[in-house]
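Biologist: I am new to this structure and would like a close look at a single part, the place where the two chains meet. Please go through it slowly and then show me how it sits among its surroundings.

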Amino acid sequence: MIDNMLCSKSHEYVYEKDGNYCIGLTDFAIEQLGDIVFVELPEVGSYYSKGEIFGTVESVKAASELYMPVSGKIIETNEKLIEKPELLNEEPFDGMWLIKISSDSFNEDIGDLTDYNKYKEEVE
Amino acid sequence: MVKRTFLYDEHLKLNAKMVDFAGWEMPVQYHSIIEEHNNVRKNAGIFDVSHMGEIFVSGKESLNFIQYLVPQNIEKLTDGKAMYCQLTNTNGGIVDDLLVYKLKDTNYLLVVNASRVENDYEWIIKNKNSFDVIIENKSDIYSMIAIQGPKASDIIEKAGLIKEEQPKTLCIKETSLFDSKIYISRTGYTGEDGFEIIMKNEDAVKFWNLILKAGEKYNLLPVGLGARDTLRLEAAMSLYGNELNETTTPIEANLSWSVDKNKKENYIGKKVIESQLANGTEKKLIAFKMIERAIARHEYEIMYNNENIGKVTSGGFAPSLGFNIGLGYIKTNKNLKNGDIIQIMVRNKLYNAQITNKNFIIKHNKGN
């Protein structure tokens, strides 16, 4: 389990890795969605502000939009999820990040995020 | 108050995820919608459909009365047979879609949608006029379990009803199983062969568990409403509230096959329906498959040459096909036909889709 993971109320997580940040969807959100059949991710190089919609994850049941937990520039997207969205159900959630970003405002943006354990207590 | 079927505790024991559907707390999935879906196509699934309604019509004039309620020709029904019908209003709009079973002589059973039971019952009472009939809504005393899939017949045989005694497609039988009286019909909502069993509420748990046991060696699995929806969508079967409503006629809904064009008897909505049969309609239901990678969902706009021509009524991923499909209404004035390309507006972007015939899958629920 990644120990510096922070989670948003809209069920995205973010953690620091090698000076950049990985953003993904929490296990709780994935469990709620059920079988995931579609993932739409942003263009590399584009910039999104905290709270902005950066992509979509759709399960058999429903579409769920993804919100930036912190502001930043997209430096990488997890391309294998485009072809195999079901990996989100099959693989450990903390390894299946959706996007990697660089961020100058990480420390200012995390005020409303909670650590994973506290997040789990709140949602369950 | 949200209602619970008599199988509620069984669903919880099977770790079902429960949701509110048409005023009922129902299982949406037990494990995975896709797995449940695929298992119905490959083996078989058992569904709690106790939320559906059972309205019995009997009495001297029951035939004439039902003839007055539906565009189908019920006179063609012999004892033990079923017909897919709609209750129509004076504008030809669909009050509900249903199966009409002729049990015996003047006794009919109408199996109606959960969301429409009260409404249908009131509608039927309201239109009784001077017909000499008895109308009984027995939805509260009956439960219903569906067993669907290529192994369904084997499972029912293992449960105690040998194949020779099983009803044929679109037929119903009153018989005994597990020492209880039931109605068993060869009908369903998945495009597969299968059965629907109507039993008294107090027998529901027994049936559920004994059928699950009989199905063990055939890989029978419980299936929730999630897969029920993907299965019916692949079979291009309409869902009341999505494809069908009071402002849509059976002709618009591509259900002309269930309208008797030569019916002599009057029925509610006949004038409008006959006029549409002769002159066409302004909108029609189409099926489509997504060409580009996007999922069309209920209420999304359908576009053609940058013009809005309709709306999606149902859409999603089709597990048996591996691509995304949908149903929707479009205006008929563009003369669009199978093979033509339309666009679906998904989150403010247009994605190409192709109009197809409604045979997404090969259906196995016809003739046997």
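**The contact between chain B and chain A**

Modeller: In α2(B), the residues B:Ile33, B:Ile34, B:Glu36, B:His37, B:Asn39, B:Val40 and B:Arg41 are buried, and that helix is a good place to begin in this predicted model. The helix as a whole is mostly covered, since seven of its 10 residues are buried.

The contact as a whole draws on 15 residues from chain B and 17 residues from chain A. Between the two chains an area of about 1,400 Å² is buried, and carbon and sulfur atoms give 47% of it. On the side of chain B, the residues that lose the most area to chain A are B:Arg293, B:Arg297 and B:Arg347, which together make up 45% of what that side buries.

The polar side of this contact can be counted in two ways. There are 13 residue pairs in polar contact between chain B and chain A, both residues of each pair being at pLDDT 80 or more, and there are four salt bridges between these chains. The elements of chain B that give two or more residues to the side touching chain A are β3 (24-29), α2 (33-42) and β20 (349-356), so α2, with which this account began, is one of them. Sorted by class, that side of chain B has seven nonpolar, three polar and five charged residues.

One salt bridge across the contact can be followed in detail. The side chains of B:Arg297 and A:Glu58 meet in a salt bridge, with 2.8 Å from N to O. B:Arg297 lies in the loop between β15 (283-290) and β16 (301-304) of chain B, while A:Glu58 lies in strand β6 (residues 53-59) of chain A, so the pair joins two chains. Both partners are covered: B:Arg297 has 10% relative accessibility and counts as buried because the limit is under 20%, and A:Glu58, at 0% relative accessibility, also counts as buried. This pair also belongs to a network of salt bridges, in which A:Glu40, A:Glu58, B:Arg297, B:Arg347 and B:Lys349 are linked. Two members of that network, B:Arg297 and B:Arg347, are among the residues of chain B that lose the most area to chain A.

To set the contact in its surroundings, it helps to look at salt bridges elsewhere. A search of the whole structure finds 26 salt bridges over all chains. One of these is within chain B, where the side chains of B:Lys76 and B:Asp260 meet at 3.4 Å, N to O. This pair links distant parts of the chain, for B:Lys76 is in the loop between α3 (62-69) and β6 (81-88) and B:Asp260 is in the loop between α7 (225-234) and α8, 184 residues apart. The two ends have unlike surroundings, as B:Lys76 counts as exposed at 55% relative accessibility, whereas B:Asp260 is buried with a relative accessible area of 10%. Another salt bridge in chain B is formed by the side chains of B:Lys206 and B:Asp203, at 4.0 Å from N to O; here B:Lys206 is partly exposed, with a relative accessible area of 31%, and B:Asp203 is buried, with 17%.

Helix α8 (residues 270-279) of chain B also holds B:Gln276, which is buried with a relative accessible area of 12%. The side chain of B:Gln276 makes a polar contact of 2.6 Å with the side chain of B:Thr249, and, leaving aside residues up to four places away in sequence, B:Gln276 touches B:Thr249, B:Ile251, B:Glu252 and B:Thr281.

In chain A, aromatic rings give another kind of link. Over all chains the structure holds 12 aromatic pairs, and one of them, A:Phe93 with A:Tyr116, is stacked, with 5.6 Å centre to centre and 25 degrees between the planes. A:Phe93 lies in the loop between α3 (87-90) and β9 (99-102) of chain A and A:Tyr116 in helix α5 (residues 116-123), so the pair ties together parts that are 23 residues apart in sequence. Both A:Phe93 and A:Tyr116 are buried, and ring pairs link them with A:Tyr13, A:Tyr15 and A:Tyr119 into a cluster.

Technical notes: Residues numbered from 1 in each chain as written. Chains lettered and ligands numbered in written order. Predicted model: local features only at pLDDT ≥ 70, side-chain atom pairs only at ≥ 80, totals over all residues. Heavy atoms only, no water. Contact = heavy atoms within 4.5 Å. Buried area = accessible area lost by both parts, 1.4 Å probe. Polar contact = N/O pair within 3.5 Å; in protein donor to acceptor, adjacent residues only side chain to side chain. Helix = DSSP H or I, 4+ residues; strand = E, 2+ residues; numbered from the N terminus. Nonpolar A, V, L, I, M, F, W, Y, C, P; charged D, E, K, R; others polar. Phe/Tyr/Trp six-rings, centres within 6.5 Å; stacked < 30°, edge-to-face > 60°. Buried < 20%, exposed > 50% of the residue type's maximum accessible area, 1.4 Å probe, protein only.
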